[in-house]
Amino acid sequence: MNTQSAEVNAHTISVLVDNEPGVLARVIGLFSGRGYNIESLTVAEVNLKENLSRITVVTSGTPMIIEQIKAQLTRLVPVHKVADLTVDGPHVERELALVKVKGKGEKRVEALRIADIFRAHALDSTNESFIFEIVGKTAKVDAFIDLMKPLGLIDVSRTGVVGIARGLGAL
Amino acid sequence: MALRTGKKTMSTQETPESGMTGAAIMLKALVDQGVTDIFGYPGGAVLPLYDELFNQNSIRHILVRQEGGAVHAAEGYARSTGKVGVVLVTSGPGATNAVTGLTDALMDSIPLICISGQVPTHLIGNDAFQECDTTGITRPCTKHNYLVKDVNDLARVMHEAFYVAQSGRPGPVLIDLPKDVAMAKGTYTAKQKVKPRHYNPQVKADPAKIEQAVDMIARAKRPIIYAGGGVINSGPQASKLLTEFTRLTGYPCTLTLMGLGAYPANDKQYLGMVGMHGTYESNMAMHHCDLMIAVGSRFDDRITGRLDAFSPGSKKIHIDIDPSSINKNVPVDLGVVGDVKSVLGDILKVYKARKVKPDQKALKGWWQQIDGWRKRDCLSYDKSSTKIIKPQYAIERLYELTKKKKKVLITTEVGQHQMWAAQHFHFNKPNRWMTSGGLGTMGYGLPAAVGAQIAHPDALVIDIAGEASIMMNIQEMSTIAQYRLPVKVFILNNQYMGMVRQWQELLHGGRYSESYMDSLPDFVKLAESFGGVGMRATTPGELDDLIKEMIAVDKSVIADVCVDQMENCFPMIPSGAAHNEMLLGPNDSAEQSVSEEGMVLV
Ligand SMILES: Cc1cc2nc3c(=O)[nH]c(=O)nc-3n(C[C@H](O)[C@H](O)[C@H](O)COP(=O)(O)OP(=O)(O)OC[C@H]3O[C@@H](n4cnc5c(N)ncnc54)[C@H](O)[C@@H]3O)c2cc1C
Ligand SMILES: Cc1ncc(C[n+]2csc(CCOP(=O)(O)OP(=O)(O)O)c2C)c(N)n1
Ligand SMILES: [Mg+2]
């Protein structure tokens, strides 16, 4: 019998699919129907000519569950390719967040200072508010949002993770 | 049929290139795919299709009495022929009635095409009359589904749907067709001209894995072949190869419920069915083996019982066309992705080329151990009564009195009778046994028998039924009457939902909550009212005559066989128990082996 470690880890999975009606519902339905987690999910068309979209899902599970998720995804008819970025090799992951902070005086200055350290840009500002755009790994975005909380954070919108393998290979 | 007086329309006669209606395109695609029979029920949204059907003679439409029946009929048709079963239903209630059958086909890997009508495209999403979100509802219960919005896509979708339904692990595919698309004019694309989609399941296995498999097979000392429905899916040749492989190695072979017939039941290397109601020798051999060779079987919970106690000392090879079946429930040492026929063929080639000689001494010891288990005679039952018919005896006689017939096709409903049929009726060939395994759908057997009889007009088709299950799709007796199908319904009437009563007895202190079947119809009169023949036996002495007469009449028959009401189905591995904790008869108590965790299992 295989010695399967039962450790639960987060995995970032890329899925290349036909961009057709219902395809996202199929993927999401698979996760909910079989009781798998979705920690984040992004989707957009990436190849207009061949009408392909790329879905990035962050999920978690034991190695056996992750294998099952990959096999189940591959089985869907509109799915072309499935890659587990987390185990397949070096890759980069990024997330974008829009963060709205409301405040005056000291807090406002402090927010701007921190934004600068995190290389977040102000996309919009009023006398009493900023919208920052921050790009980075999930942990960096989390940290930025945490720091903004005491400074008047009122609204957040995040894209979820997108990822891609390093080097010459393509999905 | 006599009523087909309509003239052929232009669309089916003329050159098929353009100007055909969606309905005509659909019909033409069906004909091109070699479809000769479809099972359906009309309604507003599919009227254009029915109009098209009226005007042609290539395809026979079988009018069922409820859409659920159409899907099970198509399943029986598919399972008994290896072809794709085709269903046609209307929008809304027609489609929702088909859902159970689609789920059943998905669970049991049955290739089906279900065409459903839909409200016109401009009304979709409007809560229009008889609208439902058919693709949404059926997404999780089909292998794939389509909503066709452009008539020029229709031919491609149809051909692709047939491809998807049959390739890889087979399954049901639904095509939802809005009425305006069925009436719009468009272009037909021939089957050969449709570019196959990228969907391309692996049929031929990795040669390195074949070598590895043969290594493991050659080294085994206590092997068992555990084969299932995938062998049937792979076609009759796969059964032949399984038989050849088993004989060549001298290894014991067991089958799942879905696999019955994939290996000849009368062979001495056959251990009977595996699993919850399988034989003692099969389950003990599965538990104690050192090599398990799973061939097109999916380690269902009905087989494994308690997972952490499942065959603890064995290496496992799993041959399956669906990678998601491998390592799903039970981690295996070697997964071989491919079609059974191709993989077994390759294994046999390598095995022969290498002149493998199994360890005869070890094998002899293993067979001695197995023969010891066989001596428990686990399927025996009390034969002393001359007054009460034991259900097992009824099946035994049915088998004995029909086994010389050329082609006997058995369907079943769900319950104890289904298990007794699996245990006591023996199948030596594939595609002769149609049962609802994965979903366990009561009401499957009668419509499935309709489908099987339509496909095999000369066969003896028998639905082995329970009195509760038969009521679930009894309306199909009317279909049987209309098409003069000589289907035999052999009811093991125990006046209980026997399987439910058995679990209540084992696990719920014998409190028979709602499992008694009150107010049953008089099945003899019921048969007569549908133009068939009704019969009844209440004592063992009457049984043989009943069966002989049932076979002899050239009409549909309902045989009401009144059996022991309290008989339970053994052997049984209670849910959540291990293989070596099997109950062999009424004197074994389940309480010692059923844990609290086991109680929550089904
Ligand atoms: C009341 C009741 C009691 C039951 N008790 C038992 C019992 O005691 N014993 C028992 O065995 N079952 C029992 N069942 C049935 C059980 O629930 C499952 O349906 C059955 O065990 C599954 O059979 P299988 O493993 O052969 O898989 P199937 O459901 O037939 O699946 C076939 C497998 O083969 C693969 N496959 C398909 N085509 C191919 C191909 N061409 N090449 C390679 N692989 C392929 C598929 O991917 C799949 O993994 C019972 C059911 C009911 C309703
Ligand atoms: C549609 C459906 N509903 C409920 C069940 C649960 N169930 C399984 S077996 C059974 C009783 C079957 O009774 P009967 O047909 O008389 O067969 P018996 O067990 O008595 O042989 C029931 C209710 C089911 N399998 N299918
Ligand atoms: Mg009953």
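The exercises below, each with a worked solution, look at a metal site and at the nonpolar cores of a predicted model.

**Exercise 1.** Work out which residues coordinate the magnesium ion (ligand 3) and how the donor residues are spaced in sequence.

*Solution.* Begin with the donor atoms: the magnesium ion (ligand 3) is coordinated by Glu467(B) through OE atoms, by Asn494(B) through OD1 and by Tyr496(B) through O, at 2.1 to 2.6 Å. Next, read these donor residues along the sequence, where their spacing is E-x26-N-x1-Y. Then place the two ends of that pattern: Glu467(B) lies in helix α20 (residues 467-470) of chain B, while Tyr496(B), 29 residues apart from it, sits in the loop between β18 (488-493) and α22 (498-507), so that the pair links distant parts of the chain.

**Exercise 2.** Decide whether Glu467(B) is buried or exposed, and do the same for Tyr496(B).

*Solution.* A residue counts as buried when its relative accessible area is under 20%. Glu467(B) has a value of 1% and is therefore buried, and Tyr496(B), at 13%, is buried too.

**Exercise 3.** Describe the largest nonpolar core and find which helix gives the most to this core.

*Solution.* The largest nonpolar core has 99 residues, and those with the most contacts inside it are Ile317(B) and Phe490(B). Helix α15 (residues 340-353) of chain B gives the most to this core, contributing seven residues. Following Phe490(B) further, one finds that the residues it touches include Ala394(B), Leu398(B), Ile462(B), Met550(B) and Val561(B). Finally, a second, separate core of 44 residues has among its members Leu102(B), Ala449(B), Val450(B) and Tyr483(B).

Key:
Residues are numbered from 1 along each chain as its sequence is written. Chains are lettered from A and ligands numbered from 1 in the order in which they are written. This is a predicted model: local features need pLDDT of at least 70, side-chain atom pairs count only at pLDDT 80 or more; totals for chains, interfaces and linings use all residues. Side-chain values use heavy atoms; hydrogens and water are left out. Donors are N, O and S atoms within 2.8 Å of the metal (3.2 Å for Na, K and Ca); water is not among the atoms, so sites may look incomplete. Helices (H or I, at least four residues) and strands (E, at least two) are DSSP runs, numbered from the N terminus. Buried means under 20% relative accessible area, exposed over 50%, partly exposed in between (1.4 Å probe, protein chains only). A nonpolar core is a set of buried Ala, Val, Leu, Ile, Met, Phe, Trp, Tyr and Cys residues joined through side-chain atoms within 4.5 Å. Contact means heavy atoms within 4.5 Å. Lists of a residue's contacts leave out its neighbours within four places in sequence.
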